[in-house]
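Student: I should like to take a close look at one part of this structure, with its surroundings described in a connected way. Could you guide me through it?

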Amino acid sequence: MTTKHQENQVLEASHTKVTPPPLYTVVLLNDDFTPMDFVIQVLEKFFSKNREQATQIMLKVHVEGRGVCGVYPRDIAATKVDQVTAFARENQHPLACVMEEN
């Protein structure tokens, strides 16, 4: 039995471009019933905002009708929307939280 060995053979790694997953913006929408303090609590609890950041986003929601909470991959954004919606309903508030593809 004869075995052939190829000496000095160099294997080159092929490079494939991996595109990053699409990101989604999580947005809170204004309503006339959810208290401002509750919106601040949501931003602190689910989006790790400090009091000042949460207050700024809450004011944007109040004045402009919507405020950006953060930008995440789809699964994380969807989970945050579900968590906020469930928390709002548990506390009997109609706060709307949506995600939009960037």
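Tutor: In this predicted model, Y24 stands opposite E101 of strand β3. E101 has its place in β3 and is exposed, with a relative accessible area of 53%; the cut-off matters here, because exposed means over 50%. Leaving aside residues up to four places away in sequence, E101 touches P22, L23 and Y24. L28 is separated from E101 by 15 Å between C-alpha atoms, and the two residues are 73 apart along the chain.

The strands themselves give the setting for this position. Strand β1, residues 23-29, is joined to β3 by 6 bridges, and the two run antiparallel. The sheet is open and consists of 3 strands in the order β2-β1-β3, with antiparallel pairing. Because β2 (66-73) and β3 (96-101) stand at the edges with a single partner strand each, one side of each has no neighbour in the sheet. On average, neighbouring strands of this sheet are turned by 25° against each other, direction ignored. Helix α2, residues 51-64, packs on the sheet and touches β1 and β2. The direction of α2 makes about 125° with that of β2.

From the sheet one may turn to the aromatic side chains. A pair of aromatic rings is described by the distance of the centres and the angle of the planes. A search of the whole structure finds 3 aromatic pairs. One of them is the pair of F38 and F87, which is stacked, with 5.3 Å centre to centre and 10° between the planes. Since F38 lies in helix α1 (residues 36-47) and F87 in helix α3 (residues 74-90), this pair ties together parts that are 49 residues apart in sequence. F38 is buried at a relative accessible area of 6%, and F87 also counts as buried, at 12% relative accessibility. Both values fall within the buried class because that class takes in whatever is under 20%.

A further pair is formed by F47 and Y72; this one is tilted, with 6.4 Å centre to centre and 35° between the planes. F47 belongs to helix α1 and Y72 to strand β2, so that distant parts of the chain, 25 residues apart, are linked by the pair. F47 counts as buried at 5% relative accessibility, as does Y72 at 16%. Y72 has a charged partner as well: the charged end of K80 sits over the ring of Y72, 5.3 Å from its centre. Ring pairs also link F38, F46 and F87 into a cluster.

Two loop residues complete the account. S48 lies in the loop between α1 and α2, and its phi is near 55°, a positive value in a residue other than glycine. S48 counts as exposed at 64% relative accessibility. Q92 is found in the loop between α3 and β3; its phi, near 60°, is likewise a positive value in a residue other than glycine. Q92 is exposed, with a relative accessible area of 72%.

To return to the starting point, E101 is an exposed residue in strand β3, opposite Y24, and β3 stands at an edge of the sheet with a single partner strand.

Conventions
Residues numbered from 1 in each chain as written. Predicted model: local features only at pLDDT ≥ 70, side-chain atom pairs only at ≥ 80, totals over all residues. Heavy atoms only, no water. Pairing = 2+ DSSP bridges. Helix = DSSP H or I, 4+ residues; strand = E, 2+ residues; numbered from the N terminus. Axes fitted to C-alpha atoms, helices over the stretch in contact; angles between N-to-C directions. Contact = heavy atoms within 4.5 Å. Phe/Tyr/Trp six-rings, centres within 6.5 Å; stacked < 30°, edge-to-face > 60°. Buried < 20%, exposed > 50% of the residue type's maximum accessible area, 1.4 Å probe, protein only. Lys NZ or Arg CZ within 6 Å of the ring centre and 35° of its normal.
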